[in-house]
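Hi,

Here is the structure I promised to pass on. Have a look at it first, and then read on for my notes.

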Amino acid sequence: MSSSSSFLVLASLLALVSWQATASDPSPLQDFCVADMHSPVRVNGFVCKNPMEVNADDFFKAANLDKPRMTNKVGSNVTLINVMQIAGLNTLGISIARIDYAPLGQNPPHTHPRATEILTVLEGTLYVGFVTSNLPAPNRNKFLSKVLNKGDVFVFPVGLIHFQFNPNPHKPAVAIAALSSQNPGAITIANAVFGSNPPISDDVLAKAFQVEKNTIDWLQAQFWENNHN
């Protein structure tokens with residue numbers, strides 16, 4: 001192999017490694033970087049608080065995640081603990097959420113643009129699933145689903161549309177989810193498409209969904225409630 005070919009191979013490998021390294025939250029370069037929420041400096045994430053001013057409360061929140069939450073009209077409530085609640089999570093690439101489901105309630109189809117999610121059922125039963133991306137074939141838009149019982153664990157890959165549904169008409173369900181980002185984000189599909197501000201043109205949506213414009217107008221007139229706290 002010539003030296004130029006060797007250089008190209010090495011450069012390609014370095015590019016691949018560096019892409020993987022920047023594909024999620026950046027790794028910390030020190031023990032911690034507690035977020036300074038009051039700093040005027042704007043970075044990707046938060047600048048570090050002076051470590052001499054850091055104390056145990058920067059890594060703590062009395063979140064009461066053992067307490068049940070009220071659910072909304074879709075029958076769920078997501079209590080997320082991320083860097084906005086615990087400043088010490090800055091640069092650590094992790095957050096946690098408690099999800100409460102009413103009987104027949106659901107955490108509707110949504111995606112986390114910056115995180116993979118691993119979910120554990122604490123109480124009840126959940127029907128869960130996700131859909132793969134448009135490409136490549138033959139796994140285009142493949143739907144993968146599973147019924148989970150107490151103690152079961154399921155993973156939702158980063159960026160893919162997924163949901164959870166409580167099929168029991170009489171009993172609630174509870175789950176805990178860990179997410180691989182200090183700020184995973186959440187895009188609820190129906191809310192984003194039909195409840196955007198300002199609204200997406202009904203001509204665009206009617207063409208995209210292959211329905212009449214009055215159907216889109218009716219959907220956009222609904223109140224798309226957020227189930228994330």
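Let me start with a lysine: Lys 150 is exposed, since its relative accessible area of 55% is over the 50% cut-off. Before I go further, please keep in mind that this is a predicted model.

Lys 150 has a charged partner, as its side chain meets that of Glu 123 in a salt bridge, 3.5 Å from N to O. The two come from distant parts of the chain, 27 residues apart: Glu 123 belongs to strand β4 (residues 117-123), while Lys 150 lies in the loop between β6 (143-148) and β7. Glu 123 is partly exposed, with a relative accessible area of 41%.

The total is five salt bridges, and two others are worth a look. Asp 100 pairs with Arg 98, with the closest N and O atoms 2.8 Å apart. Are those two buried or exposed? Both Asp 100 and Arg 98 are buried. The other one joins Lys 67 and Asp 66, at 3.2 Å from N to O. Here Lys 67 counts as partly exposed at 42% relative accessibility, and Asp 66 counts as exposed at 56%.

Now the sheet. Five strands make up an open sheet, in the order β1-β2-β9-β4-β7, with antiparallel pairing. Why does one side of β1 (76-81) and of β7 have no neighbour in the sheet? These two strands stand at the edges and each has a single partner strand, so one side of each is left open in that sense. From one strand to the next, the twist averages 20°. If you want a pairing to inspect, take strand β2 (residues 95-101) and strand β9 (residues 173-179), which run antiparallel over seven bridges. One place to zoom in is Ile 99, whose bridge partner in β9 is Ala 175.

On the surface, Ile 118, Val 153 and Val 155 make a nonpolar patch of about 230 Å². Val 155 sits in strand β7 (residues 153-156), one of the two edge strands. Val 155 is partly exposed, with a relative accessible area of 40%.

You will probably want to know about the cysteines too. How many disulfides does the structure hold? There is one, and it joins Cys 33 to Cys 48, with 1.9 Å from S to S. The cysteines are 15 residues apart, and each is placed in the loop between α1 (3-21) and β1. Why is the disulfide called left-handed? The torsion about the S-S bond is about -105°, so the disulfide gets that label. The two ends differ in cover: Cys 33 is buried, with a relative accessible area of 6%, whereas Cys 48 is partly exposed, at 36%.

One last spot to click on is Asn 107, in strand β3 (residues 106-111). Asn 107 is buried, because its relative accessible area of 3% falls under the 20% cut-off. Which residue has its C-alpha atom 5.6 Å from that of Asn 107? That would be Phe 163, which is 56 residues away along the chain.

Cheers

Methods
Residues are numbered from 1 along each chain as its sequence is written. This is a predicted model: local features need pLDDT of at least 70, side-chain atom pairs count only at pLDDT 80 or more; totals for chains, interfaces and linings use all residues. Side-chain values use heavy atoms; hydrogens and water are left out. Patches are made of residues with over 30% relative accessible area and no salt bridge: like charges are joined within 9 Å, nonpolar side chains (Val, Leu, Ile, Met, Phe, Trp, Tyr) within 5 Å. Accessible areas come from the Shrake-Rupley method with a 1.4 Å probe; for residues, only the protein chains shown count as cover. A salt bridge is a side-chain nitrogen of Lys or Arg within 4 Å of a carboxyl oxygen of Asp or Glu. Helices (H or I, at least four residues) and strands (E, at least two) are DSSP runs, numbered from the N terminus. Buried means under 20% relative accessible area, exposed over 50%, partly exposed in between (1.4 Å probe, protein chains only). Two strands pair if DSSP finds at least two bridges between them. Axes are lines fitted to C-alpha atoms, for helices over the stretch in contact, and angles run from 0 to 180 degrees between N-to-C directions. A disulfide is a pair of cysteine sulfur atoms within 2.5 Å.
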